[in-house]
Amino acid sequence: MTNEPTSFSAESYFATQPPPATLDHDIAGVRSFVARQQAAGRKVVLVTSGGTTVPLELNVVRFLDNFSAGTRGATSAEYFLKAGYAVLFMHRQFSLQPFSRHYSHSTNPFLDLLDIDKSTTSSSQDPQIGVTPEKRAHLLQVLTAYKQVQAAGTLHTLTFVTVNDYLWLLRAVSQELSVLNRKAMYYLAAAVSDFFLPRQKMSEHKIQSGKGSLHIEMDQVPKILKPMVDEWTRNGYIVSFKLETDQALLIPKARASIERYGHQVVIGNDLNRRKFEVVFVSRKNLTGASSEGRDNGFEENWLRIDLSTDHEKEIEEDIVKELVKRHGDWTCVDSE
Ligand code: PMT
């Protein structure tokens, strides 16, 4: 399977890789959602969430995947909704979603929420099912917030599976959202594959194991933050994430990303510390926030929570609070 690698720009990528079959339908839904939110005067945030896959065959049997469960994106979406934003939630199929994430099958199985009323099992009437008493208060809280969002129509969900689905959707959704100008925020928390197999190099059928070991040379996924900043979004507030496993790389890589793409904020997170510590990296003059580290025109603000004393706290609450403030400052510039 070894082939010469191709260097894809965003332009050559979209010229050679086919769009997902549902793209037009998905975008029609986004367009009417955005129009409704614009009419209501709401700010809208696009939240991308979960990992993208890289199929190895056209008739897919095998694919590469990554670790992301979509916790960051699903949790943040809830806090954005609470802050009054409308949310376009673009997530990996079957990854966590706002509200239902509280009842994920692995951490809080749905059946554990329910109880059978024993007094009804022996009688002739149908056994009654109710909510386990100790789970009731939390369920009521989640359900109330969910119903409010449903009634307000402020959450719109889109799904992707492959990195190709993700790139096509991201471009089209960003272009739709750009009509909101500074009122749009882009919160790119998805874990996007860095390498892929172009369609032209994929095996049509299942790769056979008869030839021994497998050698695959993958091409680099184009860096789409550049066209996103320069072409697809108009004055939108763009927040990307930088994931590293070596803590020492976080700040230099985040700075390099801002330098290269020119967007507003990079949130750096270490794989093993991401639930309780993140760092906001931005240009010095873009926020009025006080900063701990300042160097070469950049500033860094660390957000930390103490999980030993604050078990219930989710760091996304603080991330979103800080971003809502920064985005507010950013939108004010428009009216000055
Ligand atoms: O879902 P969880 O389990 O809660 O984990 C959350 C997370 C660790 C995945 C999340 O907080 C995070 O760090 N997401 C970004 C991981 C990543 O893909 O980083 P990157 O350096 O490859 O990409 C930088 C940014 O550009 C990201 O915002 C990414 O969404 C975006 N990107 C990257 C490449 C590409 N071709 N297109 C992109 O949009």
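The exercises below concern a predicted model and come with worked solutions.

**Exercise 1. The shell around the ligand**

Determine how many residues surround the ligand, which are closest, and which elements give two or more residues to the shell.

Solution.
- Step 1: Counting the shell gives 22 residues around the ligand, and the closest are T71, L188, S240, F241 and L243.
- Step 2: Two elements each give two or more residues to this shell, namely α3 (71-82) and β11 (237-244).
- Step 3: β11 has the largest share, with four residues.
- Step 4: Sorted by class, the shell holds eleven nonpolar, six polar and five charged residues.

**Exercise 2. The span and setting of α5**

Check whether the length of helix α5 agrees with its number of residues, then describe its bend and burial.

Solution.
- Step 1: Helix α5 covers residues 133-152, which is 20 residues.
- Step 2: The expected span is 1.5 Å times one less than the number of residues, so α5 should span 28 Å.
- Step 3: The end C-alpha atoms of α5 are 29 Å apart, which agrees with the expected span.
- Step 4: α5 nevertheless has a kink of about 30°, centred on L139.
- Step 5: The number of buried residues in α5 is zero, so the helix lies largely in the open.
- Step 6: G153, just after α5, has a positive phi of about 65°.

**Exercise 3. The annotated domain**

Give the helix and strand content of both segments in the UniProt domain annotation.

Solution.
- Step 1: The unreviewed UniProt entry places "DNA/pantothenate metabolism flavoprotein C-terminal" at residues 43-98 and 162-275.
- Step 2: Residues 43-98 are 21% helix and 30% strand, with end C-alpha atoms 18 Å apart.
- Step 3: Residues 162-275 are 31% helix and 20% strand, with end C-alpha atoms 26 Å apart.

Terms used: Residues are numbered from 1 along each chain as its sequence is written. This is a predicted model: local features need pLDDT of at least 70, side-chain atom pairs count only at pLDDT 80 or more; totals for chains, interfaces and linings use all residues. A residue is near a molecule or strand if its C-beta atom, placed from the backbone, lies within 6 Å of it. Ala, Val, Leu, Ile, Met, Phe, Trp, Tyr, Cys and Pro count as nonpolar, Asp, Glu, Lys and Arg as charged, and the others, Gly among them, as polar. UniProt positions are given in the numbering used here, feature names are shortened, and annotations may be inferred rather than shown by experiment. The bend at a residue is the angle between axes fitted to the seven residues ending there and the seven starting there. A residue is buried if 20 or more other C-beta atoms lie within 10 Å of its own, exposed if 12 or fewer, and partly exposed in between; C-beta atoms are placed from the backbone.
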